[in-house]
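Q: Please take a close look at the packed interior of this model. Work through what builds it, and relate that part to the chains around it.

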Amino acid sequence: MVAALAVRLRDLDLAEEAFAEASAAAVPAWRAQWPRDPAAWLWRAAWRRALDAKRRAAVRRRLTPDDPQPASTPEDEVIAASDPIPDERLRLIFVCCHPAIAADARAALTLKVVCGLSTERLARAFLMAEPAMLQRITRAKRKIRDAGVPFEVPGREMWPDRLEAVLATLEIAYAQAYEDAALASDGAGFAQEVLRLSGLLAELIPREGEVLGLAALVRFAEARRPARLDPAGAMVPPAEQDMGLWRGGLIGEGARLLDAAADLGATGPRQLLAGIHGLHLSRRDTGVTPWAAIVGLYDALALFRPDAVTGVNRAVAVGEASGAAAGLASLDAVPGAGRLTNWLPYQAARAGLCERAGLREDAAAAYHAALALGPAPAERLYLERRLGALT
Amino acid sequence: MQYMLLVYEPEDLDQGPEGQASLMDVAARHMALAKAMSEAGAMQAGAGLQPVATATTVRTSASGQTLHDGPFAETREHLGGFYLIEAPDLDAAIKWARQVPIRPGGSCEVRPVATY
C-alpha cells in the first residue's frame, strides 16, 4: 500500500507518513465499527491524509494556487471499487535502484521502502550505526523527490542500465541476508523479503534471463538454509549438508525458473551462479557432487566476473575435481592473489586445500590466519574444528 | 520540471590547430542540439561562455567584498556553458544531457531548478 501511495504522490516520505497516520487512526475507528473492507478503508484514509499534508505544505510555501484535485483516472475507480492496493512495487523498485541514487544506498532503500524493513534492522544488517543508515536513506529519498526521479518502469530501451542496477541491488541485499543467516535467525526473515522480491520481479519481467536467474539463485540458496548449520551452530559446507533438510519445494521452483531462463538463450552471471547452486543440489538425485561440471560453470562465470570471488571459489572446486595440488595451483593463479592474504575466503580456501594436500603446517597457518580475520560465529566454529582436527 | 545542464570541460582542449578544429565541430553540434531542443519544446535558455580567463569574481567575506581576477575555484574543468530545459522528469533530462556534445575529459551536470 505504501508503494501504491508513493507512486501516486511521487514522494516516499509522504507515503510512509500517510500510511502510518491512517494505521493509527484505524485502531479507534475499527474498534467502534469494523470496516467491510479494511484494506480499502486504510487506502482511502491514507490517501486523504496525504492530500491534506500536501495542501498544508503548499500553503506553507505560499505557492501559487492550490494543487488541483488530481483527476480521477479509470485506474483510481477500479481501486475504489474492488482491489484497493495495486501492485506498485515494481515501479518502486526501479525508483529505489535508479542510477542517480548512490549505489551504496540502493539496497537499503529498496528493503526499507519496498519491504518495509526498519532502519534499525537495516543498520544492523549493513553493519552501520543507525543514525548513519537513517541519513543515507533520508538523503536518497530527498534526491528522488527533488531531482524528479520518475516513478515509472523505464522503457525497454533503458533496461541495459536500469535492470542491471535493480538486479545488482537485489544481489547485494541477498548477500547480506545470506551472510546474516549464518549467525542469527534474524537473517532468515530478511532473506524471505529478497525471496519475495526476486519472485515478483520474475513474475513481472519473465522474458529476461538474468531476472529469472536471480530468482532461481535465491531459491536454490534458500533451499539449503535449514542444513547450513549443524546442531552445535557450526557452518556445514554444501557438499556435507544433510540433504534431508533441503527444501524440495524451493528446489523445484528454482529449477523451473532456471529452465525458463535457459529457453530464452541469453546467459549471464546470475544464471551461472544459480547453475552452480543447482549442481550442488543435484547430489540429492545422484548422491555425488558433480565437481567437474561445477568447475566448468565457474570457468564460464569468470568470463562475466573475472574477480577474486570467482577465482577462489573455482580453486576450491578444482581441488575437489582434480586433487588438492591442482586446486592450490589455481588458487595461486587467482588474479591479484598476492593481495588477498587479508581476505577471509582466500585464507579459508587455502587452509582447506593445504589440509587435503597433506601440508599440515601450511594448513594450520592458513586456519590461524582465517580465524584472525574475524569470521562470523558459525564459520569460526567450523574453522576451529578443522584446525583442531589437524593436530 | 526545469533542469540546468551545466557543461564542464578542460579549456586546454581548444588549444592548437587540432583543438580549434574540434571546437568548431563541437560548436556545430551544440547548435544542432539547441535546435532539436527548441523543436521539442524543451529549450528555455542556453549559452556558451567566454574562456575562463575572462572571469571576474566578487567574493564576499565578513569584512566586505573584494574583486578577483579569475574563476571562483581553480580547477581543471571549467563551466563552459549551460542549457536550461523543461523536462517531465530526471530520465528525460538525462536523455538530453547524453546528447550534449562533450569531448573526452568533460562532463555535464544535471541539476533540477529549485521552485519556490
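A: **Chains and core**

In chain B, 76% of the contacts with a separation of 6 or more are between residues 24 or more positions apart. The model is a predicted one. The corresponding share in chain A is 63%, again counting residues 24 or more positions apart among contacts with a separation of 6 or more.

The make-up of each chain comes next. Chain A consists of 391 residues, of which 48% are buried, and has 20 helices and zero strands. Chain B has 116 residues, and buried residues make up 26% of them. Two helices and six strands are found in chain B, and their order from the N terminus is β-α-β-β-β-β-α-β. Along the principal axes, the C-alpha atoms of chain B occupy a box of roughly 45 × 45 × 20 Å.

The largest nonpolar core holds 111 residues. The members that touch the most others are Leu111(A), Phe126(A), Leu201(A) and Ile85(B). Helix α11 of chain A, residues 209-223, supplies the largest share of this core, with 10 residues. Residues of the core come from both domain 1 (2-81) and domain 2 (297-391) of chain A, so the core lies between these domains. A further core of 25 residues lies apart from it, with Val312(A), Ala315(A), Leu331(A) and Tyr382(A) among its members.

Phe126(A) gives a view of one of those well-connected members. Once residues up to four places away in sequence are set aside, Phe126(A) touches Ala107(A), Ala108(A), Leu111(A), Met133(A), Ile172(A), Gln176(A) and Phe190(A). Leu111(A) therefore appears twice, as a contact of Phe126(A) and in the list of members with the most partners.

Helix α11(A) packs against helix α12 (residues 248-264) of chain A at an angle of about 160 degrees, and the two axes are 8 Å apart. At that angle, α11(A) is roughly antiparallel to α12(A). The crossing of α11(A) with α12(A) is left-handed. On the α11(A) side, the residues that meet α12(A) are Gly209(A), Leu212(A), Gly213(A), Ala215(A), Ala216(A), Arg219(A), Phe220(A), Glu222(A) and Ala223(A). Their counterparts in α12(A) include Leu250(A), Ile251(A), Gly254(A), Ala255(A), Leu258(A) and Leu264(A).

Phe220(A) sits in helix α11 of chain A and is buried, its relative accessible area being 4%. Beyond its neighbours within four places in sequence, Phe220(A) is in contact with Ile251(A), Gly254(A), Ala255(A) and Leu258(A), and also with Ala274(A), His277(A), Gly278(A) and Leu281(A). Measuring C-alpha to C-alpha, Phe220(A) and Leu297(A) are 16 Å apart in space and 77 residues apart in sequence.

Helix α13 (residues 269-281) of chain A contains His280(A). This histidine, His280(A), has a relative accessible area of 12%, under the 20% limit, and so counts as buried. Apart from neighbours within four places in sequence, its contacts are Pro238(A), Trp246(A), Thr289(A), Trp291(A) and Ile294(A).

Another covered stretch is helix α5 (residues 89-96) of chain A, where six of eight residues are buried. They are Leu90(A), Leu92(A), Ile93(A), Phe94(A), Val95(A) and Cys96(A).

A second helix pair can be set beside the one described above. Helices α19 (residues 360-372) and α20 (residues 377-390) of chain A pack at about 155 degrees, their axes 10 Å apart. The pair α19(A) and α20(A) is therefore roughly antiparallel, and its crossing is left-handed. Residues of α19(A) at this contact include Arg360(A), Ala363(A), Tyr367(A), His368(A) and Leu371(A), and those of α20(A) include Arg380(A), Leu383(A), Glu384(A), Leu387(A) and Leu390(A).

In chain B, Ala45(B) belongs to strand β2 (residues 43-48). Its relative accessibility is 29%, so Ala45(B) counts as partly exposed. Leaving out residues up to four places away in sequence, Ala45(B) touches Phe82(B), Tyr83(B) and Leu84(B). Ala45(B) and Glu74(B) are 29 residues apart in sequence, and their C-alpha atoms are 27 Å apart.

Technical notes
Residues are numbered from 1 along each chain as its sequence is written. Chains are lettered from A and ligands numbered from 1 in the order in which they are written. This is a predicted model: local features need pLDDT of at least 70, side-chain atom pairs count only at pLDDT 80 or more; totals for chains, interfaces and linings use all residues. Side-chain values use heavy atoms; hydrogens and water are left out. A nonpolar core is a set of buried Ala, Val, Leu, Ile, Met, Phe, Trp, Tyr and Cys residues joined through side-chain atoms within 4.5 Å. Buried means under 20% relative accessible area, exposed over 50%, partly exposed in between (1.4 Å probe, protein chains only). Helices (H or I, at least four residues) and strands (E, at least two) are DSSP runs, numbered from the N terminus. Domain bounds come from an automatic or database domain assignment. Contact means heavy atoms within 4.5 Å. Axes are lines fitted to C-alpha atoms, for helices over the stretch in contact, and angles run from 0 to 180 degrees between N-to-C directions. Angles under 35 degrees count as roughly parallel, over 145 as roughly antiparallel, 65 to 115 as roughly perpendicular and the rest as oblique. A crossing is left-handed if the near helix is turned anticlockwise from the far one by less than a right angle, and right-handed if clockwise.
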